[in-house]
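Colleague: I would like to go through this model with you and ask how each label is earned. Please show it first.

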Amino acid sequence: MTSSNTPIIQLTNVGKSYGNISALRDVSLTVRQGEVTCILGDNGAGKSTLISIIAGLIGHDQGTYAVDGKPEHFTSPRQALDLGISAVYQTLALVPLLSVWRNFYLGSEIRKGSGLFKRLDVKTMQQTAEREVERMGINIPDLEQPVGTLSGGQRQVVAIARAVHFGARVLILDEPTAALGVTQSGLVLRYIATAAREHGIGVIFITHNPHHAYMVGDHFMVLARGEVELDTPRADLSLEDLMFHMAGGAGLNALQHELHRGEPTTAGQAA
Amino acid sequence: MNAITESVETRVARRQVQQTPLWKRILKRPEVGALGGVILVFVFFYVMAPPFRQLSALSTVLYQASILGIPAVAVALLMIGGEFDLSAGVAVVSSSLAASMFATEVTGNLWIGMLLALVLSLGIGALNGYLLVRTKLHSFLVTLSTFLMLQGLNIAITKLVTGNVATADISGMDGFDLGQRIFASSFHVFGTSVSIAIVYWLIFAAIATWVLLRTRIGNWIFAVGGQGDSARAVGIPVKRVKIGLFMVVGFSCWFTGMHMLFAYDTVQSGAGIGNELLYIASAVVGGCLLTGGYGSAAGSALGAFIFGMTTEGVIYADWDPDWFMFFVGAMLLLATVFNGWLRIRALSRSK
């Protein structure tokens, strides 16, 4: 299960307009098995529109969106989920007061027995959830503890582990490290790498943070004002380049010049 | 890369704390506060009121508890599912009134009257639930409205049909004996008369506890009350769960209503007001959160037991019964504060 080059998702010149305002124009993107594609960009750059299209929340109106080579036009997230395209949003689909294993299986509970006595197969669910969570390298001492007691990073990992366990082939992670501290971000990043390399999942990682992106990314796309500003594989890009593009590229130089008026500047460090 | 290597320490402390000690797990149960309350109140009245120490007193206390406890179990489920029902108190009376009047004035058959009352009770529950999901109003408002409407209807329709504020005596009707045996009989244990309502109450509490902790629908109830949006996102039919819960409350009102009908033969149309708050109080003392997503059906039984002890204890101690409500209020306050404290401890990381 290493990174093979099978494209799962292929977007060609995809665009989306609201009235005469175009939120997204000419975006082409390929998500391959086992590859982490990072999408970066400022607020309003079109990141959410793009992932909403991929996750099936909204339909695109230009270009083509193909899954396994077959053109699709989703009208609901359920259709995307059925093809193994799963989004983990910042607000997470976890219930804080519910225990870890109950959250893990929420909506897909395993049951045994029949008729009136059909009941939860608690043991199987606990064991599977424990195994899955452990496989992701986080240690939760007691699966009976409410999800609300976990750290932000652990919660993200549980949500991701759940998506992987229930058959995700493409994972869309919407700013999973945004609200986290350094250690917690590390935990999530490690898991993103595990998901891609060991489970062969295609990951779309949306982030504000070029450092985080560069640690796990195989391919980078920077969006600005609804268009692709940068689209390169890791081999052709340094962290400094990425930070420079992320920070606003040429526009930042101008801004820095304006703000410092003659003081020596070092572009790129500002990010 | 520092960030990544640093966090490996979470891996080192592997699985040593797998088994949380039993006492700690018990302390984390939502009903533990109520259990403490039961012991406290029991000891209090045991000391203060000598007649309270008899076995027959316990039977009376349990009976009082069961009358509160049967609806309280259902109300606890509803509250875990994130909603309130203020109409439950008068809905009990609506159900007995309906059964009695359908039987005596309309159909002439007691069983058909009871069946129609069941349909009515489930219908009131379904209506509450439907109005809730349809209007998206808070359940406090929706059920406050049905509470007031039922309160008015109970008296108005009874007067219209019977010309009186109470219904006619049903004890002479065919099937009364069997009905009474099912809903309101009693049996003897160690020479003490025990009401069958106590047995039903314990059975309902046990079933509800099992459903909550060991079935899929129970899992869904917790999720719907805990975070409805997350529940919907994983495909749980949130609206149907809520309407179903209101109908369970409806069923419990019918059951209690039938017990009252066969225990007293006639029904006073103005009764039942205020009981809804005792049901809610029992559920809250038993560990239910007002905000939903947390609580226990067994806890509501303990809560009802506390209020049962208080009602009877005040009488056995020969105090003015007016003190009862004061004790209910004080108990509720204490229990809520204590439960809140416990929950914070339970939710904090166990070190």
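Colleague: What makes Gln62(A) partly exposed?

Modeller: This is a predicted model, so the value is computed from predicted atoms. Gln62(A) has a relative accessible area of 34%. Buried means under 20% and exposed means over 50%. The value of 34% falls in between, so Gln62(A) is called partly exposed.

Colleague: Where does Gln62(A) lie, and what is it in contact with?

Modeller: Gln62(A) is in strand β4 of chain A. Beyond its sequence neighbours within four places, Gln62(A) is in contact with Asn13(A), Val14(A), Gly15(A), Lys16(A), Ser17(A) and Leu24(A). Lys16(A) is 46 residues away along the chain, yet the two C-alpha atoms are separated by 6.4 Å.

Colleague: How do you know that the side chains of Gln62(A) and Ser17(A) make a polar contact?

Modeller: The distance is 3.4 Å. The cut-off is 3.5 Å, so the pair counts.

Colleague: In what order do the strands of the open sheet in chain A run?

Modeller: The four strands come in the order β2-β1-β4-β5 of chain A, with antiparallel pairing.

Colleague: Why are β2 and β5 of chain A said to stand at the edges?

Modeller: Each has a single partner strand, so one side of each is left without a neighbour in the sheet.

Colleague: How do you know that β4(A) and β5(A) are paired?

Modeller: Two bridges join β4(A) to β5(A). At least two are needed, so these strands pair. One bridge partner of this kind is Pro71(A) in β5(A), which is matched with Ala66(A). Helix α1 (residues 47–55) of chain A packs on the sheet. This helix touches β1, β2 and β4 of chain A, and its direction makes about 125° with that of β1(A).

Colleague: What makes Arg25(A) and Glu227(A) a salt bridge?

Modeller: The N to O distance between their side chains is 2.5 Å. The limit is 4 Å, so the pair qualifies. Arg25(A) lies in β2(A) and Glu227(A) in β12(A), so the pair ties together parts that are 202 residues apart in sequence. Arg25(A) is partly exposed at 28%, and Glu227(A) is partly exposed at 38%.

Colleague: How many salt bridges does the whole structure hold?

Modeller: The search finds nine over all chains. Among them is the pair Arg32(A) and Glu35(A), at 3.9 Å. That is within 4 Å, so it counts.

Colleague: Are Arg32(A) and Glu35(A) buried or partly exposed?

Modeller: Arg32(A) has a relative accessible area of 26%, so it is partly exposed. Glu35(A) has 16%, which is under 20%, so Glu35(A) is buried.

Colleague: What do Asp218(A) and Arg197(A) tie together?

Modeller: Their side chains meet in a salt bridge at 3.8 Å. Asp218(A) sits in the loop between α7 and β11 of chain A, and Arg197(A) in helix α6 of chain A, so parts that are 21 residues apart in sequence are tied together.

Colleague: Now chain B. How do you know that the span of helix α7(B) agrees with its residue count?

Modeller: At 1.5 Å a residue, its 26 residues should span 38 Å. The end C-alpha atoms are 37 Å apart, which agrees. The buried residues of α7(B) include Leu110(B), Met114(B), Ile124(B) and Val133(B). Their cover includes α6, α8, α9 and α13 of chain B. At the start of the helix, a side-chain oxygen of Asn109(B) comes within 2.7 Å of the backbone nitrogen of Trp111(B). After the helix comes Lys136(B), with a positive phi near 60°.

Colleague: Why is Ser269(B) called buried?

Modeller: Its relative accessible area is 2%, and buried means under 20%, so the label fits. Ser269(B) is in the loop between α13 and α14 of chain B. Its side chain reaches the backbone oxygen of Val165(B) at 2.6 Å. Its contacts beyond four places in sequence include Val93(B), Leu97(B) and Asn154(B).

Colleague: What makes β1(B) and β2(B) a pair?

Modeller: They share four bridges in the antiparallel sense. At least two are required, so they pair. His188(B) stands opposite Ser193(B). Two residues lie between the strands of this hairpin, and Phe190(B) takes a positive phi near 50°.

Technical notes:
Residues are numbered from 1 along each chain as its sequence is written. Chains are lettered from A and ligands numbered from 1 in the order in which they are written. This is a predicted model: local features need pLDDT of at least 70, side-chain atom pairs count only at pLDDT 80 or more; totals for chains, interfaces and linings use all residues. Side-chain values use heavy atoms; hydrogens and water are left out. The expected span of a helix is 1.5 Å times one less than its number of residues. Buried means under 20% relative accessible area, exposed over 50%, partly exposed in between (1.4 Å probe, protein chains only). Contact means heavy atoms within 4.5 Å. A polar contact is a pair of N or O atoms within 3.5 Å; within protein, one must be able to donate a hydrogen and the other to accept it, and residues adjacent in sequence count only if both atoms are side-chain atoms. Axes are lines fitted to C-alpha atoms, for helices over the stretch in contact, and angles run from 0 to 180 degrees between N-to-C directions.
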